[in-house]
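Visitor: I'm new to this one. Could you take me through a single part of it, slowly?

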Amino acid sequence: MSDSLLEVRGLSKGFPGVRALAGVDFTVRRGEIHALMGENGAGKSTLIKVLTGVYERDAGDTRLEGKTIFPRSPREAEACGISTVYQEVNLIPDLSVAENICLGRQPTVFGNIRWGAITRRAKQALARLELDLDPSRQLSACSIAIQQMVALARAMDVSAKLLILDEPTSSLDEREVGELFKVIRKLRDDGMGIVFVTHFMDQVYSVTNRITVLRNGELVGEYPTAELPRLELVARMIGKDAKEVAAMESQHPGVQSIREGEPFLEVKNFGRKGSIAPLDLSIRPGEVVGLAGLLGSGRTETARIIFGVDKPDSGEMFLDGERVTISSPRAAIRRRIAFTAEDRKVDGIIPNLSIRENIVLALQASRGAWAKLSRAKQDELADRFIKALRVKTPGPEQLIKNLSGGNQQKVLLGRWLATEPRLIILDEPTRGIDVGAKAEIEKLITELRRDGLAILFISSELEEVVRTSQRVVILRDRKKVGELAGEAISEHAIMSQIAAPTAESKDVLHA
Amino acid sequence: MKRINPKYIPLAATALVMIALYVLGCLLYPNFGSLRVVVNLFGDNAFLGIAAVGGTFVILSGGIDLSVGAVIAFIGILIASLISGGMPPMVAIALALVVGTVFGAAQGSLIRFFDLPPFLVTLGGMFLMRGLAFVVRAESLAIKHRFYQQTIRQLAIPLAPRIAIPFTAICFIAVVIVATYICIYTRFGRNVYSIGSSENSALLMGVPVGSTKIGIYALAGFFSALAGCVSTFYMQSGNPASFVGLELDAIAAVVIGGTLLTGGVGFVPGTLMGVLILGLIQTLITFQGNLNTWWTKIAIGVLLLLFIVLQKSISGARRA
Amino acid sequence: MLNAANILFWAVLAALLFFARRQRIFWPLLALTLLLLFNQLFTPGFFNLELREGHLYGTRIDILKHGGTVMLVALGMTLVIATGGVDLSVGAVMAVAGAVLAQAAAVHQQSAGVAMLLALVVSLGLGAWNGLLVAGIGIQPIVATLILMVAGRGIAQLITEGQIINFTNPALVYIANGYFLGLPFACTLVLVLLAATYALTRATALGLFIESVGDNDVASRYAGVNARFVKFTAYVFAGFCAGLAGLVAASDIKSADANHAGLYAELDAILAVVIGGTALTGGRFYLLGSIVGAFLIQTLTTTMYARNVSADIAPVPKALVVIAVCLLQSEKARRCFTRFLPRKSPAAPTANAKAGS
C-alpha cells in the first residue's frame, strides 16, 4: 500500500517462559488514527516497546516509510520519527514543563544550554496543542491531564511521523479527553500516523479509523472501524469469532439458580473518585457474583475498596447487616474477607519463601507474631492445601517462585482458604495460566461456593463468568452499568452491555 | 494565581537558618560580624565544601558516596609524598586529580554495569582508599616546597589590611560557581536531575542514563581529589589518618542545603549554604567558649532531622 | 605445627563444611576455611593454642574475643537488612551505650547491674527512635538512621562530657576480659544473643514476617502482615544488639571513648551480614551466616596483624571482599561471568518475565 507509514511484518518477541508476540503484522497509514486493541497479555505493550526501542525484537521486520528501522533505544526511535506518550506519564516530575518538553535535546551553544530558546520552543509546542500553560511551572504541580498533554507536546516537539499513544486517556475526565481528541484529529489531518491504545470502547469508535486486534501475542485481524460492530470487536478481543457470537444468541443461558437469603456483604453507593463511580453490590453466602467488564472498567478498583486497600469516599458497607468501616487489609482479614490480587507477582506471592510459608502467611498474620503455628500444624496445612487444590510440586518446601503461574495461584488460594474466610475476592485468578489449570481453578470456585463461601469473581473471560456466577455485575468506564441474575446471564447479554455506547459521552467526544 | 514552587521551600529554609545563625552570632558576640570571621568561614571549610559539591551531584542522582573522606586523605598523602619525592607541585596536583577522577569513574562503572548498590560500592571504595593512603605512607608528612610555603599565600586576595581571602576559599568559591554552571547550563547537569527524579522516565525520554551515572561518580571523584589538594594547601601536609567521617559532614551539608536525599531536587548554592551553616555552628561554639564541640554534632543531627522531616512532608504533600 | 588439637580443629571444620554443603552458609564458611588454611600453612604461630590457668590463649581465641562486638551488632543488623532496610547508627549507639555505662558506674557510683540496665534501656530507646522514623513516618532507612549516626556520637560525648571515663568495676571489666568455661566471656554473650535472636525470630512468627516484608512488602500487607510493627521491632532489636556490643567495647578498654567506640561498626556489621548470605534488598536472613561473616572479617584483620602487616592497611583486603561479595550477589555480574564459562545446564526459565500489556 502506497500510503502506509509503518509496516511491521512477522514481529516476534519472547521472554523466559513467555511468548509475548508471535509473528505479528501491523500497518499504520499516513493520516489515520489506528486503535490497537486487546485484553491483558495480548501483547500491546510489548509491540509498543519493541517499536520504541525499549525491547529488542527476536524476529521480524519493521519499516518506516519503506526504510527498515531497528531502534535500540527510545532515543534512536525518536530519531527515526517515532514518538510515544505512555500510560503512566513518563516525564520528570521535578523539572519544569519547558524542560520536560526539551530534555535530551535542549538547544545549546558550545554546550551551553539556551534557556530562552527552551522556553520559546516549549511555548510553541504548547501553542500547537492550544494549551495555555506557564512553561516554567514544575511538572509535578500540574494535574495528570496537563502532564499527559505535556507528554504529547514533547512527543510532537521532534518532527514525529508516527505518534504512539499508550492508554493516554485512562486518567483523564471526559472534557479532557475531548481536548485530547481535538488535538490528535488535527495531527491526523496534518498527515501524521497515530497509534492509539485504549480500552475505552466509546473512544475507539469516536476517533479511530482502523482497529488492529491482538490476542495472546497473536494478530487477530485488522478492520476499518466503521465496519466492525462493537459486539464483534469485544468478541475478537476475548477470542471468539463471528460465528460463535451469532450462535451465542441462542445459547442456553447460565444454569445457576439464584440464591435467596441475607447477603454477607452489602455495599451501598460505594465508590471512590477517580477509581469507581458509586455502586451497589451484595453477595450472599454460597453465591458467586461475577464482576464483568473490560480491562480498566473499574473491576480491580472495586475489589480494592472492599478489601480496604484504598479508602472509599462515598457510601457504606455492611457485613451480615452490620455497618462496618474497613480501613486496611488487616481489618478486612479480621472480618474474614480474603483477596487474591490481579498481579500475582507484585501483590500476591512472596517469591523467595516456600510454598508452606506462603500458605500459612495470612493465617499466621491474623494470629499475630507471638502465637506461632507449630511446624506440624504448618506442614499439615501445607499438605492439606497442596492436596486439596492439586498443586503440582515436588514438596511444600519448594520456593513459590519456581512454580508455574497456575500453581502459584492455587497456593495463594490456599493461603486464603487457610484463614477460613466468609468472602473471597478473586481478581483475575485465571490470568496468565494454562487451560488445564484454568479449568481446575474454575472447578475449585464452584466447590468453595457449595461450601457456603461468598465469592466475588473478577475475570475478563466471559465464559468463566457465565459458567460460575449466579449473578453478574457489569462495569464499563468505571461505572456499574447493569446486573444480570440467574437465567438472564449469558455471554451475549454481558457483551451487549459492555459494548453499548454511552449516550452522553458520545456527544462530548464528537463535539 | 502563581504558587510558590515547593522545591524552593527547603532552600528558603536553609537560607533562613544560615541568616538566623549569623545574626545570632553577631548579637551575642561583637567580633562575630567581623570580615575576618566571614573569610575564615570560607577558608576553613573549603575542602569540606568542595567535597560536598561533588556529593551534591551524586545525591541529586539518587546515589550516595561514602568514599569522600578516604579519598581526600589518600590524595593528601599522595601529593605530599610525590612532592617530597621531588615532583613539581603542579604535576603532582594534576596527577592527583586524574587519579581521583579515574577512581570515581571506576566506582561509577561498577554501579552502572553490574547494577550494584552505590552504598556498598562506595563503601568498598572508602576501605580501599583509606588502606591505600597508608600504603603510600603510614604517617603524616609535611610539604616543604616553595610553592606551598609562598606561592599559595601570595595567591590570596587582600580585602582589607591584614585580611585576605585565602587561596583555599577562592578554590571553594570557584568550584561552587563551576558546579552551579554545570547543573544549570549543561545537558549533563540536567540529566543528573532527571535520573534522580525518575530514572525510568529518563531512560524512556532518551537520557543516556548509563554514561551519565559513570560521569557523576567521576565528577564526584574529581571534586574529592580537588578537595584533597585544597586540604594540602590548608594543612601544608598530608595525613593518611585524617578526615575520618568527613563523608558524613558532606552528606549532612548537602541535605541541610536543601537537596532531596532521594534525588531530583537540589541546588549547588544550597550546598554552599549548608557548608556555611556547619561552619557557623562550629564558630558559634568556639566563640561561646564553654560550650563543647559535641554540641556541633548534636546540632547537625537536629538540623538533619528537621530538614528530612520537612522534605518528607513536602514530597508527601506533593503525592497526595 | 600439626598437633592433636589442630587435627581435631580441622576435622570439625571439615565436618561443618560437609554438613553445610547445600546451605547458603557454605560459601562464607569455605572462604573462612581457606583463610585459616592459609594461616595454618604460612603464618607461624597462628595456630598456637595454650592453656593457662584454665583459660585458652592463642590467635584463634583473639579472633573470638575481638570479633565479638561485630557479631553482636551483626545479629541485629541481620534483621534490619532482612526487612529491606539498613541501620547506619549502630556504631553511634555503641558509643552512647558505653558512655551511659561508664558515667553510671564510674561517676554516679551505680552498681554494675544498674549501669548495664541503664545502658541497654537507652539503646532500646535509640532503636525505637530509628524504628519510629522508618516505620512510623516512612523515611528511607539510610536517611533516617543517618540522623542518629551523626548526632549519636555528640550525645555520647555529651554524656561523658568529652572525657574518656575509666572504670574499674570488676563485673564490668569481666564482660570483655573475663573467661567463662575456658573461653572469653564475649563468646558466651554472642552465643546467648544468637540463641535469643533465634528464639525471637523462629520460635515466634516474627522471622516469617520479617522475611515476607523484606521479600515483598506490598504482598505481605495484603496478606495481613503488620509491616510497620515488624520493621519497628527490627530497629528496636538492632538498637539493643548495638547497646550490648557497646558494653563489650567499653569493657574491652575499661573505659568509654565516645569518639572511637564502635567506629565503622555499622559498616563491618553490614559487610558481615551481606557475606553471610542475607541480601541487602531484604528477604531471607541467615543469622549463623552473619556470625560466620563477622568471623571472616575479624580473621582477615587478625591475619594481617599476625603477619605484621600494619593494621592501617587492613581496609584494602576488606575493600576487595566488599566488591567481591557485591559482584557475587549481583544478578547482572553473574550473568556476565557465566557467559564466559562453559554452561552445564540450560538456565531454568525465570518466572519474572515482564510480559503482557
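Guide: Let's look closely at the place where chain B and chain C meet. Keep in mind that this is a predicted model.

Start with who touches whom: 38 residues of chain B are in contact with 43 residues of chain C. A common way to put a size on an interface is the accessible area lost when the parts come together. Here, chain B and chain C bury about 3,600 Å² between them, and 84% of that is on carbon and sulfur atoms.

So what about charged pairs? Side chains of opposite charge can pair when their charged atoms come close. Between chain B and chain C, though, the count of salt bridges is zero, while a search over all chains of the whole structure turns up 41. Polar contacts do show up across the interface of chain B and chain C: two residue pairs make them, both at pLDDT 80 or more.

Now for the chain B side of things. The elements giving two or more residues to the side that touches chain C are α5 (89-114), α6 (118-136), α12 (246-256) and α14 (294-319) of chain B. Of these, α6(B) gives the most, with 13 residues. If you sort the residues on that side of chain B by type, you get 27 nonpolar, five polar and six charged.

To put it all together, chain B meets chain C with a side that includes 27 nonpolar residues, the area buried between the two chains is 84% on carbon and sulfur atoms, and zero salt bridges are counted between them.

Conventions: Residues numbered from 1 in each chain as written. Chains lettered and ligands numbered in written order. Predicted model: local features only at pLDDT ≥ 70, side-chain atom pairs only at ≥ 80, totals over all residues. Heavy atoms only, no water. Contact = heavy atoms within 4.5 Å. Buried area = accessible area lost by both parts, 1.4 Å probe. Salt bridge = Lys/Arg side-chain N within 4 Å of Asp/Glu carboxyl O. Polar contact = N/O pair within 3.5 Å; in protein donor to acceptor, adjacent residues only side chain to side chain. Helix = DSSP H or I, 4+ residues; strand = E, 2+ residues; numbered from the N terminus. Nonpolar A, V, L, I, M, F, W, Y, C, P; charged D, E, K, R; others polar.
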